[in-house]
Amino acid sequence: MPNFTVDQIRTIMDKTDSIRSMSVIAHVDHGKSTLTDSLICKAGIISSKAAGDARYTDTRADEAERGVTIKSTGVSLYFEYDDDDGKGAQPHLINLIDSPGHVDFSSEVTAAL
């Protein structure tokens, strides 16, 4: 069960200073999808038991068969972070892109960025 509501996402989208966009880029078999799964787990979208093995962003059948990411996939994650500035935990929206690492799909990485 996600740790956020649709209303929380809509509210944070108006606060552009609290939005971060990032992509996970590395060579093939260096843990990009595993890292992405772990971040998705932390946001409460998948269980901690599934994190690392879920390959949540590998949505195509051929990606599951080959065990590699072929198409870049984006996901938005909601996190609350306390800067220790006296304001308490503040919401942040992280737009995360999981990209392929194989050289054959480098154009997909370029397009994602």
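## Arg10 and Asp7 on the first helix

A residue is called exposed when its relative accessible area is over 50%, and buried when that value is under 20%. With this cut-off in hand, we can start our tour at Arg10, in a model that is predicted. Is Arg10 buried or exposed? Its relative accessibility is 54%, so Arg10 counts as exposed. Asp7 counts as exposed too, because its relative accessibility is 52%.

The two residues share helix α1, which covers residues 6–12, and they lie three residues apart, or about one turn of the helix. An α-helix has 3.6 residues a turn, so residues three or four places apart point the same way. Which kind of link joins the side chains of Arg10 and Asp7? They meet in a salt bridge, with 3.8 Å from N to O. Side chains of opposite charge can pair when their charged atoms come close. The count of salt bridges in this model comes to one. Arg10 also gives a feel for how the chain folds back: Leu93 is 83 residues away along the chain, yet the C-alpha atoms of Arg10 and Leu93 are separated by 10.0 Å.

## The chain as a whole

Let us step back for a wider view. The protein chain has 113 residues, and 35% of them are buried. Its secondary structure consists of four helices and three strands. From one end of the sequence to the other, these elements come in the order α-β-α-α-β-β-α.

Among contacts with a separation of 6 or more, 54% link residues that are 24 or more positions apart. The chain exposes a surface of about 7,100 Å², and 51% of this area comes from carbon and sulfur atoms.

## How the strands pair

Strands β2 and β3 run antiparallel and are joined by ten bridges. Two of the pairs are easy to look up: Val75 has Leu96 as its bridge partner in β3, and Tyr81 has Gln90. The two strands form a hairpin with six residues between them. In the turn of this hairpin, Asp84 has a positive phi of about 60°.

In which sense do β1 and β3 pair? They run parallel, and six bridges connect them. Here Met22 stands opposite Leu96 of β3. Strand β3 therefore pairs with β2 in the antiparallel sense and with β1 in the parallel sense, under the rule that two strands pair if there are at least two bridges between them.

## Helix α2 and the nonpolar cores

Now for the inside of the model. The largest nonpolar core has ten residues, including Val24, Cys41, Ala43, Val75, Phe79 and Ile94. Elements α2 (32–42), β2 (73–82) and β3 each give two or more residues to this core. Which element supplies the largest share? That is β2, with three residues. There is also a second, separate core of five residues, among them Phe4, Ile9, Tyr78 and Leu93.

In α2, the buried residues are Lys32, Ser33, Thr36, Asp37, Ile40 and Cys41. The buried residues of this helix pack against β1 (19–24), β2 and β3. Ile40 is a good place to zoom in: leaving aside residues up to four places away in sequence, Ile40 touches Ile45, Ile46, Tyr56, Thr57, Val75 and Leu77. Just after the helix, Gly44 takes a positive phi of about 85°.

## A closer look at His92

Our last stop is His92, which sits in strand β3 (residues 89–98). Why does His92 count as buried? Its relative accessible area is 15%, and the cut-off for buried is under 20%.

What surrounds His92? Leaving out residues up to four places away in sequence, His92 touches Ile12, Ser18, Leu77, Tyr78, Phe79 and Tyr81. Several of these names have come up before: Leu77 and Phe79 belong to the largest nonpolar core, while Tyr78 belongs to the second one. The side chain of His92 also has a polar partner, as one of its polar atoms lies 3.1 Å from the backbone oxygen of Gln90. Gln90 is the residue that we met earlier as the bridge partner of Tyr81.

Key. Residues numbered from 1 in each chain as written. Predicted model: local features only at pLDDT ≥ 70, side-chain atom pairs only at ≥ 80, totals over all residues. Heavy atoms only, no water. Buried < 20%, exposed > 50% of the residue type's maximum accessible area, 1.4 Å probe, protein only. Contact = heavy atoms within 4.5 Å. Areas by Shrake-Rupley, 256 points an atom, 1.4 Å probe, with all protein chains shown as cover. Polar contact = N/O pair within 3.5 Å; in protein donor to acceptor, adjacent residues only side chain to side chain. Core = buried A, V, L, I, M, F, W, Y, C linked by side-chain atoms within 4.5 Å. Salt bridge = Lys/Arg side-chain N within 4 Å of Asp/Glu carboxyl O.
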